[in-house]
2 protein chains.
Amino acid sequence: MYTLYSMQRSGNSYKVRLALAKLGIPYNLVEIDVLQGQSRTPEFLAKNPNGQVPLLEVAPNRHLAESNAILWYVAGGTTLAPEDRIERAEALQWMFFEQHSLEPNIGAAYFWLALIKGGRDLQRHALEDWMENGYRSFGVMEMHLGKHAYFAANRFTIADIALYAFTNLANQCDFELARFPAIRAWLARVEAEPGYVPMHWQPQLTAAQ
Amino acid sequence: MYTLYSMQRSGNSYKVRLALAKLGIPYNLVEIDVLQGQSRTPEFLAKNPNGQVPLLEVAPNRHLAESNAILWYVAGGTTLAPEDRIERAEALQWMFFEQHSLEPNIGAAYFWLALIKGGRDLQRHALEDWMENGYRSFGVMEMHLGKHAYFAANRFTIADIALYAFTNLANQCDFELARFPAIRAWLARVEAEPGYVPMHWQPQLTAAQ
């Protein structure tokens, strides 16, 4: 059985929990409190030298990092991954967009405004850039969602899971989505998908850990 | 035949040119000067709403963005992509690491120090963060390369191409790799691989465009 190292309030960790829940894949959940330094212990760094969650043990002592690579791995061969060669690449395109253009802005704003006490004052200058670049990325998503119901393959895939996590957190860190109606309709569509679970949901612990 | 929209001095564009050269795949090359606003024209934004290069036309009027998604697409089924399920995910892990932890720091420093006149003064404060985070990412790579010759699948793959592009540009934007011997040995290894071409290399133009 997989072991997932995850933080409950981490958007990147939530992606993996959402995918595993939708696929009905059981796993052991290990909570790592990044804010308490638990991803920087020698023990954890031996598993992931980059010191981040989520991290999935895919085979004994073999650990996969980077939320979107984990999504790709667990969804391989399921309906959550496109089969067509171009559509697979388009899903990856949006997942790279997410890690390069969305997460660094929304994720940073969420971290400092929603998780760190006094973070707003510490990051006052950077916040302007995160807001500007975050809104720019939402603009790109809005343009796509004005013409397509989902990000790739005309159906719900891991590309939607990747982009949903931090879009869903935007209202917790100053972003206002009123002027992005297509994004708001897509958020509702994702939440109506079968097997959807919200961020605070936790899997039932298995009897034998 | 593919059409690649690329900028000669763009590290992300170079990744795709290097992969296509190694695979011996012919293509039409269209130079887009991002610094002159050529990726922000209505015509280009219709192809890529995110306004970035590289961009590959994979089918008539169907364009794929994000350098690492393009690498995944063109290398599919070739020796440049791992076949094993875990190794494929590990290649993606490093490619997401590249876009999230390496490129935003080295790429930003390269852009403002090597491409923009007066950029150093404009970005003096941000530069400190880029240097610190860039060196941190090199540290993670150094740890991996101390134990492995390549990033995934024990051979040269698209993960190496993705990470090579900006590591190769680091010495043009203040980064000093002297204290990363494993990275320097890997750079030399990549450059000794058959079919390697440097960043300034250009494909011969095909007779009929």
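In this predicted model, the side chains of Arg62(A) and Glu90(B) meet in a salt bridge, with N and O 2.9 Å apart. This pair is a handy entry point to the contact between the chains, where the rule finds two salt bridges across the interface of chain B and chain A. The interface of chain B and chain A also holds ten residue pairs in polar contact, both residues of each pair being at pLDDT 80 or more.

On the side of chain B that touches chain A, the elements giving two or more residues are strand E3 (55-59), strand E4 (62-65), helix H3 (67-75), helix H4 (85-115) and helix H6 (124-145) of chain B. Of these, H4(B) gives the most, with 15 residues. Sorted by class, this side of chain B has 19 nonpolar, seven polar and eight charged residues.

Taken as a whole, the interface brings 34 residues of chain B into contact with 34 residues of chain A. The two chains bury about 3,300 Å² between them, and 58% of that area is on carbon and sulfur atoms. Within chain B, the residues that lose the most area to chain A are Arg85(B), Phe96(B) and His100(B), which together make up 20% of what that side buries.

A second interface lies within chain A itself. The domain assignment divides chain A into domain 1 (2-79 + 196-206) and domain 2 (85-191), and the C-alpha centres of these two domains lie 20 Å apart. Here 19 residues of domain 1 are in contact with 22 residues of domain 2. Domain 1 and domain 2 of chain A bury about 1,800 Å² between them, with 68% of it on carbon and sulfur atoms. Three residues stand out on the domain 1 side: Asn68(A), Trp72(A) and Tyr196(A) supply 32% of the area that domain 1 buries against domain 2, more than any other three residues.

Turning to polar features, the rule finds one salt bridge across the interface of the two domains of chain A. Lys15(A) forms a salt bridge with Glu98(A), in which the closest N and O atoms are 2.9 Å apart. Eight residue pairs across the domain interface are in polar contact, both residues at pLDDT 80 or more. Helix H1 (11-23) and helix H3 (67-75) of chain A are the elements that give two or more residues to the side of domain 1 touching domain 2. The largest share of that side, seven residues, comes from H1(A). By class, the residues on this side of domain 1 divide into ten nonpolar, five polar and four charged.

How values were computed. Residues numbered from 1 in each chain as written. Chains lettered and ligands numbered in written order. Predicted model: local features only at pLDDT ≥ 70, side-chain atom pairs only at ≥ 80, totals over all residues. Heavy atoms only, no water. Domains from an automatic or database assignment. Contact = heavy atoms within 4.5 Å. Buried area = accessible area lost by both parts, 1.4 Å probe. Salt bridge = Lys/Arg side-chain N within 4 Å of Asp/Glu carboxyl O. Polar contact = N/O pair within 3.5 Å; in protein donor to acceptor, adjacent residues only side chain to side chain. Helix = DSSP H or I, 4+ residues; strand = E, 2+ residues; numbered from the N terminus. Nonpolar A, V, L, I, M, F, W, Y, C, P; charged D, E, K, R; others polar.
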